[in-house]
Amino acid sequence: MSEGIAKKEEKPRKFQAIRGTRDLLPPETALWNRVEQTAHEVFATFGFGETRTPIFEQADLFARAVGGETDIVSKEMYTFVDRLEKLPDPPTLGDYGAFIEQAEKLMATEELPAVPGNRLAIERMKRIWDQGNVLGTAGESPIEKVDSAVLEELYKMVVLKDSMELGQSISLRPEATASICRAYIEHGMQQLSQPVKLYYMGPMFRRERPQKGRYRQFYQIGAEVLGGSDAPAIDAEVIEMVMTFFDRLELQGVQLDINSIGDRNCRPKYVELLRAELLKVKDKLGPDSQRRIETNPLRVLDSKLESEQGIIATLPRIADHLCEECAAHYAAVKHQLEMRGVIYRENWRLVRGLDYYMRTTFEITAQGLGSQNAVCGGGRYDGLVELLGGPPTKGIGFAIGEDRLILSLQESTSSLSASGKAPAQQGRDVYIAWMGERAHATAIRAAKDLRKAGFSVELPPVEQKFGKALGQADKLGAKYALILGDNEVSEGLWTLKTLADGSQQKLTEPDLLTFLKREKAKADPSLRSG
Ligand code: AMP
């Protein structure tokens, strides 16, 4: 330790979670678990299997799948250069020839990423080095002829200062569809019986401006159907599955919006028409929308700007411009939803900005979320797997924002009671108040047996006076205190105190278990049949 640091009595630094990230703590995590458990159960009944893909992938995967021009990829991705597994040895005695040769070899075996930046860097070094070699006359070492200071500088610049991509460029996933499609291709899942139905849950990362319902690390639960046909029943069943999931969770104020955005045949014509109409009213639009007339006119329909709403209402609607196939597909999806009793609202302004999205798009909103009220977005993306180098493959999927889903559930009181909302440390069934060494041994055994039977048990690590123990049991919100002292152990009759009414009874060990099980079944009717 340097003297300076040793002398100063610095306060230990306080650490905080990084902006846009947060800790999920009890009791809230109980609700997260319940939501995730419900997803596992519901999705399994629809024949979906869980997939867990890495949370980081090659940056290019997302650039390709999500689109290099999207905000997500251009501004919001957490991208970093991985460390090189094998670094070319630094040039010894100024021998850059060996360094260059080694770097080229590593690039050939992909141990050094063969990206344009690296090729250029090596090319540059090589040019200067070769020049030096040519300059060198017989008997003179080239090193002396090349301006070694220049080479040194170059070496520092390209290798040490990160201008060379030493490792591959990696991104934390901003969404999971790209990863699932990558996995589908990588594992040859097109050989399996089609379609392949997969779901996932886990953290996603986007460097967005944090606000309520918008985080930089957030969680999604999503599903994808890949391969097979684009039968409208597939679209409808995927939507039915999300709605069933939300229904099971008793999510309040659920609103499903659907739309069809056509395909490669009809959408470009509609986009041109839209662009032409938007140009006529350009002056009345805000700067964002004005820009989007050129870059992505469909996104203008997304606009929430109050002043633009009147204009948007007069724009041509895609439903009137779908080709015959897309119109038939859309009609069939709606019919299929009706057959399944799924209530929807058509929303012609619901679009996806990315080229490979086609036909069905949908969004689900829920109550209690303010402006960030979308809990789920989804759509058909028949071109994506092919775009990532796989065979032509149909695809449809959705992603639920789990953070927002939880926020909305917390807003509605009915779900709070259903989730067993409680102080952070509640949830104990039995608090064991023991005194004396013999009682401790019995208490340990009792705790083991009770836990095995599925009860939550608090076993204090050190002896406490009974009065204090009962106070502690109360604080933890325990339902019962099991009192074990010398008398109880010698008699084989244990004292059970019901904390709600203070009543006490003496029970043998087997009777205690029977009693607790019966009481638990009374409190939770779902346990009675099982
Ligand atoms: P997307 O992948 O952008 O289609 O988003 C799907 C869903 O994920 C949205 O409807 C939101 O519920 C949720 N979501 C997207 N971005 C965030 C974020 N930054 N924070 C929290 N939830 C998000």
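User: Which residues form one aromatic cluster together with Phe43?

Analyst: Happy to start there, with the reminder that this is a predicted model. The search for ring pairs gives seven aromatic pairs. Phe43 belongs to one cluster whose other members are Tyr199, Phe245, Phe246 and Phe398.

User: How are the rings of Phe43 and Tyr199 arranged, stacked, tilted or edge-to-face?

Analyst: A pair of aromatic rings is described by the distance of the centres and the angle of the planes. For Phe43 and Tyr199 the centres are 5.2 Å apart and the planes stand at 80°. Planes over 60 degrees apart fall in one class, so this pair is edge-to-face.

User: How many residues apart in the chain are Phe43 and Tyr199?

Analyst: Let's place each one. Phe43 is in helix H2, residues 28–45, while Tyr199 is in strand E5, residues 196–205. The pair therefore links distant parts of the chain, with a separation of 156 residues.

User: Are Phe43 and Tyr199 buried or exposed?

Analyst: The cut-off for buried is under 20% relative accessible area. Phe43 has 0% relative accessibility, and Tyr199 has 5%. Both values fall under the cut-off, so Phe43 and Tyr199 are buried.

User: What is the geometry of the pair Phe43 and Phe398, and how many residues apart in sequence are the parts that the pair ties together?

Analyst: The ring centres of Phe43 and Phe398 lie 6.1 Å apart with the planes at 75°, so this pair is edge-to-face. Phe398, at 2% relative accessibility, counts as buried. Phe43 lies in helix H2 and Phe398 in strand E11 (residues 395–401), so the parts tied together are separated in sequence by 355 residues.

User: Which charged residues lie over the faces of Tyr215 and Tyr330?

Analyst: Two such placements can be described here. Over the face of Tyr215, at 4.0 Å from the ring centre, lies Arg22. Over the face of Tyr330, at 4.2 Å from the ring centre, lies Lys334.

User: Which are the edge strands of the open sheet of eight strands?

Analyst: The strand order is E1-E5-E6-E11-E10-E9-E7-E8, and the pairing is mixed. An edge strand pairs on one side only, and that description fits E1 and strand E8 (345–346).

User: How do E7 and E8 run, and which residue in E8 stands opposite Ile258?

Analyst: Strand E7, residues 255–260, is joined to E8 by two bridges, and the strands run parallel. Opposite Ile258, the residue in E8 is Glu346.

User: In the open sheet of five strands, which residue of E13 is the bridge partner of Val430?

Analyst: This open sheet has the order E13-E12-E14-E15-E16 with mixed pairing. Its edge strands are E13 (457–458) and E16 (504–507). Strand E12 (residues 430–434) runs parallel to E13, joined by two bridges. In E13, the bridge partner of Val430 is Val457.

User: Where is Ile55, and which residue 148 places apart along the chain has its C-alpha 7.5 Å away?

Analyst: Ile55 is in the loop between strand E1 (49–50) and strand E2 (56–58). With 34% relative accessibility, Ile55 is partly exposed. Beyond its neighbours within four places in sequence, Ile55 is in contact with Ser171, Leu172, Arg173, Pro203 and Phe205. The residue whose C-alpha is 7.5 Å from that of Ile55 is Pro203.

User: Why is there no disulfide bond between Cys326 and Cys323, and how many disulfides does the whole structure have?

Analyst: A disulfide needs two cysteine sulfur atoms within 2.5 Å. Cys323 holds the sulfur closest to that of Cys326, but at 3.6 Å the distance is too far for a bond. Over the whole structure, the number of disulfides found is zero.

User: What is the relative accessible area of Cys326 and of Cys376?

Analyst: Both cysteines are buried. Cys326 has a relative accessible area of 0%, and for Cys376 the value is 2%.

User: What share of the residues in the protein is buried?

Analyst: For background, the secondary structure comes to 22 helices and 16 strands. Among contacts between residues at least 6 apart in sequence, 70% join residues at least 24 apart. The protein exposes about 28,400 Å², of which carbon and sulfur atoms supply 51%. Of the 530 residues, the buried share is 45%.

Note on methods:
Residues are numbered from 1 along each chain as its sequence is written. This is a predicted model: local features need pLDDT of at least 70, side-chain atom pairs count only at pLDDT 80 or more; totals for chains, interfaces and linings use all residues. Side-chain values use heavy atoms; hydrogens and water are left out. Buried means under 20% relative accessible area, exposed over 50%, partly exposed in between (1.4 Å probe, protein chains only). Helices (H or I, at least four residues) and strands (E, at least two) are DSSP runs, numbered from the N terminus. Contact means heavy atoms within 4.5 Å. Accessible areas come from the Shrake-Rupley method with a 1.4 Å probe; for residues, only the protein chains shown count as cover. Rings of Phe, Tyr and Trp (its six-membered ring) pair if their centres lie within 6.5 Å; planes under 30 degrees apart count as stacked, over 60 as edge-to-face and the rest as tilted. A charge sits over a ring if NZ of Lys or CZ of Arg is within 6 Å of the ring centre and within 35 degrees of the ring normal. Two strands pair if DSSP finds at least two bridges between them.
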